[in-house]
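Here is a friendly briefing to read alongside your sequence and model. Take a look at the structure first, and then we can walk through it together.

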Amino acid sequence: ILMLMGLNGSGKSTLINCVMGFLKPQFGDVYLNGQNAAFMSRNDRAHIVSYVPQDTGTNCTLNVLEYLSLGRIVYKKIYEIAKLFSLL
């Protein structure tokens, strides 16, 4: 578990967005477990970093456990995902 703290406008969200591949750094590189993140697939990145945004922009009907479980969904099989969300 990693905690990132800083003043408003200090670049916390920008750093997270670069780590997740949503933004490209203006200079330098981002490395995850010794690998350059620019050359990693989304799936490979998801096995290293869990990311669940605070605001989904929709009316989300998931409970807290279901919502937080989205960060680990890369490790689930399709039938486990369906079971998790009571689709089976």
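**Briefing: strands, helices and surface**

N36 is found in strand β2, which covers residues 35-36. Please keep in mind that this is a predicted model. The chain holds four helices and two strands, and from the N terminus on they follow the order α-β-β-α-α-α.

**The chain as a whole**

- Of the chain's 88 residues, 19% count as buried.
- About 7,500 Å² of the chain is exposed, and carbon and sulfur atoms supply 57% of that area.
- Among the contacts with a separation of 6 or more, 23% are between residues 24 or more positions apart.

**N36 and the two strands**

- N36 has a relative accessible area of 16%, so it falls under the 20% cut-off and counts as buried.
- The side chain of N36 reaches the backbone nitrogen of A38 at 3.0 Å.
- Leaving out residues up to four places away in sequence, N36 touches D29, V30 and Y31.
- N33 lies in the loop between β1 and β2, and its relative accessibility of 67% makes N33 exposed, because exposed means over 50%.
- The phi of N33 is near 50°, which is a positive value in a residue other than glycine.

**L32 in strand β1**

- L32 belongs to strand β1, made up of residues 31-32.
- With 9% relative accessibility, L32 counts as buried.
- Not counting residues up to four places away in sequence, L32 touches V19, A37, M40, R45, I48 and V49.
- How far apart are L32 and R45 in sequence and in space? They are 13 residues apart in sequence, and their C-alpha atoms are 7.9 Å apart.

**R45, a buried arginine in helix α2**

- R45 sits in helix α2, which spans residues 42-46.
- Which side chain of opposite charge is nearest to R45? It is D44, at 9.0 Å, and R45 is buried yet has no salt bridge.
- That distance rules out a salt bridge to D44, because such a bridge needs a side-chain nitrogen within 4 Å of a carboxyl oxygen.
- Once neighbours within four places in sequence are set aside, R45 is in contact with C18, V19, M20, G21, L32, A37 and M40.

**Helix α1 and what covers it**

- C18, V19 and M20 are buried residues of α1.
- Which elements are included in what covers the buried residues of α1? Both β1 and α2 are among them.
- The contact lists add residue names to this picture: V19 is touched by L32, while C18, V19 and M20 are each in contact with R45.
- G21 comes just after α1 and takes a positive phi of about 85°; G21 is also one of the contacts of R45.

**A nonpolar patch on the surface**

- Which residues form the nonpolar patch on the surface? L4, L15, I16, F22, L23 and Y51 do, and together they have about 510 Å² of accessible area.
- L4 is placed in the segment before α1, the helix of residues 12-20.
- L4 counts as partly exposed, because its relative accessibility is 38%.
- L23 is found in the loop between α1 and β1.
- L23 is likewise partly exposed, with a relative accessible area of 40%.
- L4 at 38% and L23 at 40% can both belong to the patch because its residues need over 30% relative accessible area.
- Setting aside residues up to four places away in sequence, L23 touches T14, N17 and C18; of these, C18 is one of the buried residues of α1.

Key
Residues numbered from 1 in each chain as written. Predicted model: local features only at pLDDT ≥ 70, side-chain atom pairs only at ≥ 80, totals over all residues. Heavy atoms only, no water. Patch = residues over 30% accessible without salt bridge, like charges linked within 9 Å, V, L, I, M, F, W, Y side chains within 5 Å. Areas by Shrake-Rupley, 256 points an atom, 1.4 Å probe, with all protein chains shown as cover. Buried < 20%, exposed > 50% of the residue type's maximum accessible area, 1.4 Å probe, protein only. Lys, Arg positive; Asp, Glu negative; His and termini not counted. Contact = heavy atoms within 4.5 Å. Polar contact = N/O pair within 3.5 Å; in protein donor to acceptor, adjacent residues only side chain to side chain.
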